[in-house]
Amino acid sequence: MNSFGNIKTIAKRELLAYFTSPVAYVFIVIFLLLNGFFTFMVSRFFESGQASLSGSFFMWHPWFYLFLVPAVGMRLWADERRVGTLELLLTMPIAPWEAIVGKFIASWLFLGLALLLTFPVVWTVNYLGSPDNGVIFAAYVGSWLMAGAYLAVSCITSAITRSQVVSFIISVVACLFLILAGFPPVINLLQNLAHNWQWLVDTITSFSVITHFEGFQKGVLDSRDIIFFLSVIGFSLFATSVILRTHRTS
Amino acid sequence: MIKVENLTKIFGAKRAVDGVSFAVERGEVLGFLGPNGAGKSTTMRMLTGFLPPSGGTVTVGGYDVAEHPIPAKKLIGYLPESAPCYTDMTVHGFLSFAAEIRGLRGDAKKAAINRVVELCFLETVLHQNVDTLSKGYRHRTCFAQSIIHDPDILVLDEPTDGLDPNQKNEIRQLIRKMGEKKAIIFSTHILEEVDAACTRAIIIDRGVIVANGTPEALRRKSEWAGAVTLRILGLSASAVQEKLSQLRVAKKVTAEANGNQVVATVFPRTAGDGDLTREVIAATNGWQIVELRTEEGRLDEVFYNITMPDTRN
């Protein structure tokens, strides 16, 4: 059997597991409620009078994902190790990377589904005005890529520990770094501390998801931003495989 | 089918498995015995490719597990210790996943699931969520996944753990029956299982193989092998003891009063000595003997003698 088939089988099982437990439904409901609340109540979407979703809807996603994505990713490997199914999975005739990619894709698709279910917002803004749907589409792509980057980081933390709680906390902190590195107050602080080393400040801010998500919100599909998110995902999944291998050899 | 050579696993400063070598052919059921922590599970984890060995090689069906893990793993069915299952799915969903990952599709998958469901008596719980199952059912579900692709090689880590006596019996019979066509290796610390299912047994202690042979050969190492036990009416224990102790082939005699009977055991000087029974019968001519039997030897005693001296220090 080929790798594609193996990845598909792993991903299918993982997705099925999401929907047989209440996790999936709780997650989707909370995600949608948060989106609705922040878009319409906090950002005052109706009062702003703009046929755009950037300043009211997508701007919150880096912060929602900070808590919600680690909640989805924390069980990926921690639970396999705790229950012992890791032994089952890794003695099946598949390569470990196929399992890692399969599990990641399942969770990423699930996050994509939750994101797609926010479609009433798009419908609302189209009903009220005439927004640039190309910009909205680009921002959706960016949001999904950003969720993937968070998720891949959660994969690493989930592989480190048996405890889902520990995994959740570490990945929230790691994702917080990914946000704060591009958060204006933090950039100012860094510039004050290291004003002679602008390259260092630039390097740190270039790791921020916010900087890379901004382009998507303006409707720009910049290859550098896409490559940034994909390389965070690629690197994190590679790190996950190294950690899983280390557990077995030590 | 399975060839293990000089297999070693070191955890930190501890040599969990230390230079273990053995082979299992098709048609053999190898019982893997040993006290807890002897290295049974670690050896099995290396056999199935879960843990990489620190030294030595495992060859399965001609493939080196470390170098060609995927073709080797295709040949193996594995039941890990504590029989883990994905709890967030139904039994059918779990078996269907196991079948698909083994490359079974469509009708072949359906047939495979039906076969293992029948073999492992899972019909009644087929559409139940795994986390609602009792331990016995969960165990059998995991056992079912290990045989779903009808593998040539089965590695079972304590396959009867947590089952009730009837289920234990069923699983043992199943193992023995499957062992006619496959190479099976299973670990246990229940010695009756060696008799019930194995063609050969290995005793491992502190990572080292301390005995390797058929159950009969192992039993012959016991001082009970070939011993004769009698129950006699109308004599005192001391009289019985005195008379039987005169036998040349007897190494040791025990005699104890039990109600109005005396229970005596004569141990042979050389284990498994067939002459002893004849000699005892000749010597006790005229006694009122209620029962006389020749002992086959006791595995538990062999096991104790082999593994205890080590655990004491």
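The following exchange asks how the terms applied to this predicted model are justified.

User: What kind of model is this, and how are its residues and chains labelled?
Analyst: The model is predicted, so local features need pLDDT of at least 70 and side-chain atom pairs count only at pLDDT 80 or more, while totals for chains, interfaces and linings use all residues. Residues are numbered from 1 along each chain as its sequence is written, and chains are lettered from A and ligands numbered from 1 in the order in which they are written.

User: Why are α4(A) and α10(A) called roughly antiparallel?
Analyst: Helix α4 (residues 61-73) and helix α10 (residues 164-180) of chain A pack at an angle of about 150 degrees, with their axes 9 Å apart. Axes are lines fitted to C-alpha atoms, for helices over the stretch in contact, and angles run from 0 to 180 degrees between N-to-C directions. Angles under 35 degrees count as roughly parallel, over 145 as roughly antiparallel, 65 to 115 as roughly perpendicular and the rest as oblique. The pair is therefore roughly antiparallel. The crossing of α4(A) and α10(A) is right-handed (the near helix is turned clockwise from the far one by less than a right angle; anticlockwise would be left-handed).

User: Which residues make the contact of α4(A) with α10(A), and how do they divide by class?
Analyst: From α4(A) come P62(A), L66(A), F67(A), P70(A), A71(A) and G73(A), and from α10(A) come F168(A), S171(A), V172(A), C175(A), L176(A) and I179(A). Contact means that C-beta atoms, placed from the backbone, lie within 7 Å. Ten of these residues are nonpolar, two polar and none charged. In this scheme Ala, Val, Leu, Ile, Met, Phe, Trp, Tyr, Cys and Pro are nonpolar, Asp, Glu, Lys and Arg charged, and the others, Gly among them, polar.

User: What makes α3(B) and α4(B) oblique to each other?
Analyst: α3(B) and helix α4 (residues 106-119) of chain B pack at an angle of about 130 degrees, with their axes 10 Å apart. That angle lies in none of the named ranges, and the helices are therefore oblique. Their crossing is right-handed. L95(B), S96(B), A99(B) and E100(B) in α3(B) meet K109(B), A112(B), I113(B) and V116(B) in α4(B). This contact has five nonpolar, one polar and two charged residues.

User: Which element gives the most to the side of chain B that touches chain A?
Analyst: The contact between the chains takes 23 residues from chain B and 21 residues from chain A. On the chain B side, α2 (69-75) and α3 (91-101) are the elements that give two or more residues, and α3(B) gives the most, with four residues. By class, this side has eleven nonpolar, seven polar and five charged residues.

User: Why does G162(B) count as partly exposed?
Analyst: G162(B) has 14 C-beta neighbours inside 10 Å. A residue is buried at 20 or more, exposed at 12 or fewer, and partly exposed in between, with C-beta atoms placed from the backbone. G162(B) is therefore partly exposed. G162(B) is found in the loop between β7 (153-157) and α6 (165-178) of chain B. Leaving aside neighbours within four places in sequence, G162(B) is in contact with K135(B), G136(B) and H139(B). K135(B) is 27 residues away in sequence and 6.7 Å away in space, C-alpha to C-alpha.

User: How many residues does chain B have, and what percentage count as buried?
Analyst: Chain B has 313 residues, of which 45% count as buried.

Technical notes. Two residues are in contact if their C-beta atoms, placed from the backbone, lie within 7 Å.
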